[in-house]
Amino acid sequence: MGAVAEPGQGITVEELALATRNRGMPLEGLHYEVTPVGMHYLLAHFDIPAIDPAAWRLRIDGDVARPSQLDLAAIRARPAHTLRVTLECAGNGRARLEPRPLSQPWLVEAIGTADWTGARLADVLSEAGVKSRAVEVVFTGADRGIQDDIEHDYQRSLPLADAMREEMLLAYEMNGRPLEPQHGFPLRLIVPGWYGMTSVKWLTRIEAVSQPFTGFQQAEAYRYQQAEDDAGEPVSRIRVRALMIPPGIPDFFTRRRFLAAGRVVLTGRAWCGSAPVARVEVGVGGRWAEARLGEPGGSWAWRGWSFEWDARPGEHTLACRATDAAGNAQPTSQPWNLQGMGNNLVQEIAVTVR
Ligand SMILES: Nc1nc2c(c(=O)[nH]1)N[C@H]1C(S)=C(S)[C@@H](COP(=O)(O)O)O[C@H]1N2
Ligand SMILES: [Mo]
């Protein structure tokens, strides 16, 4: 885990190959409270499995009193719950770190919000009768690959108490339609508030275990660590972040923004996985002022904000930063970590007002 680019080294062909497979949400997509499915960010470590829904089964076993195999109809037959959830990849912002961790080179676009519909994980676990010695629940996807020379199925675990929380969903619909193949068809876990890696796609198995799970994507990947020999802290909940829709019009290649002088309404959205968003500020040339918050988007989704700016001719740097109800604000300089996780550095946009 944890190769980094040489100082000044440009994006490598391997990073480019990952970036073309795993796309971000274009920032103008912040316009939509619910991200259209085709604009939602996408991340798959390995290949997108082609699953025959008629043959597919979900195995529930391990430390449970009543192991079972459920087909899709059995899961759809349970009470359906819909939650609006903002997902963000833990690697969002990675490509802005110096030195740059070599992996999927996200800038800030690894985000999206969807209405996820499915059965409650807690209902399914309760029915299975989780034994008292169980400490975690392990979720297995149908995808398999090699990372850091270790071949494995994509797997993540949750502590049992988290798995039993009422917002955890076994989702079969995204925005009212069956999941698309790339988003986890036919069934995925949705873990509101946590970075995306926990929301295991293409679920095939849910296993209650009596020892903490030590698979690659749990024990090696997704840790805030400073060096290879640093065990680090596990990555879990989404750190507070605000993003702005880049105003005006872009230059095709540089993406620099151009706009006419006068009153401009800057808008964007802000979210946090551990506490509600309490405030958003907008910075113009380093001077910060309060933005107006829109209606809360529910417990797990982003919240809109807006700010009126009297744009004067010249070159400007616009920024936005959010603070959560626990007082955590986005940093203006980012502490580095080896895997490039949880970088919620404030977004800056260079604009020319003419
Ligand atoms: N089975 C499986 N589940 C997975 C992944 C994966 O590679 N395999 N990637 C995870 C990561 S890192 C993220 S950020 C989210 C992305 O979900 P999305 O592509 O639907 O936006 O899926 C998670 N679930
Ligand atoms: Mo991710």
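Ala, Val, Leu, Ile, Met, Phe, Trp, Tyr, Cys and Pro count as nonpolar, Asp, Glu, Lys and Arg as charged, and the others, Gly among them, as polar. This is a predicted model, where local features need pLDDT of at least 70 and side-chain atom pairs count only at pLDDT 80 or more, while totals for chains, interfaces and linings use all residues. Residues are numbered from 1 along each chain as its sequence is written, chains are lettered from A and ligands numbered from 1 in the order in which they are written, and side-chain values use heavy atoms, with hydrogens and water left out.

**Exercise 1. Describe the largest cavity and its lining.**

Step 1: Get the terms straight. On a 1 Å grid over the protein atoms alone, a cavity is a set of points where a 1.4 Å probe fits but cannot get out; a pocket is an open set with protein on both sides within 12 Å along at least five of seven lines; and lining residues have an atom within 4 Å of a point. Grid points are joined across faces, edges and corners, and a volume is the space filled by probe spheres set on the points.

Step 2: Search the whole structure, and one cavity of 30 Å³ or more turns up. The volume of the largest cavity is about 250 Å³.

Step 3: Look at the walls. There are 20 lining residues, with Leu43, Arg188, Gly196, Ser199 and Lys201 nearest the centre. Sort the lining by class and you get twelve nonpolar, five polar and three charged residues.

**Exercise 2. Find what surrounds ligand 1.**

Step 1: Pick out the residues near the ligand (a heavy atom within 4 Å of it). You should find 19, the closest being His45, Asp143, His183, Arg188 and Lys201.

Step 2: Now hunt for polar contacts (pairs of N or O atoms within 3.5 Å). The side chain of Lys201 puts an N or O atom 2.6 Å from an oxygen atom of ligand 1. Backbone N or O atoms do the job elsewhere: one in His45 is 2.8 Å from a ligand 1 oxygen, and one in Tyr41 is 2.9 Å from a ligand 1 oxygen.

Step 3: Check how covered ligand 1 is. Alone, ligand 1 exposes 530 Å², and the protein buries 100% of that (areas by the Shrake-Rupley method with a 1.4 Å probe).

**Exercise 3. Where does the second largest pocket lie, and why?**

Step 1: Start with the space, about 540 Å³. Of the 28 residues lining the second largest pocket, Leu18, Leu102, Ser103, Gln104 and Gln147 are nearest its centre.

Step 2: Trace the elements, where helices (H or I, at least four residues) and strands (E, at least two) are DSSP runs numbered from the N terminus. Helix 1 gives the largest share of this lining, three residues.

Step 3: Bring in the domains, whose bounds come from an automatic or database domain assignment. The second largest pocket lies between domain 1 (13-234) and domain 2 (241-353), because both give residues to its lining.

**Exercise 4. Locate two cis peptide bonds, one ending at Pro99 and one at Pro186.**

Step 1: Go from Glu98 to Pro99, where the bond is cis with omega near -5 degrees. Pro99 sits in the loop between strand 3 (81-88) and strand 4 (111-120).

Step 2: Try Phe185 and Pro186, joined by a cis bond with omega about 5 degrees. Pro186 belongs to the loop between strand 8 (177-178) and strand 9 (188-190).

Conventions. A polar contact is a pair of N or O atoms within 3.5 Å; within protein, one must be able to donate a hydrogen and the other to accept it, and residues adjacent in sequence count only if both atoms are side-chain atoms.
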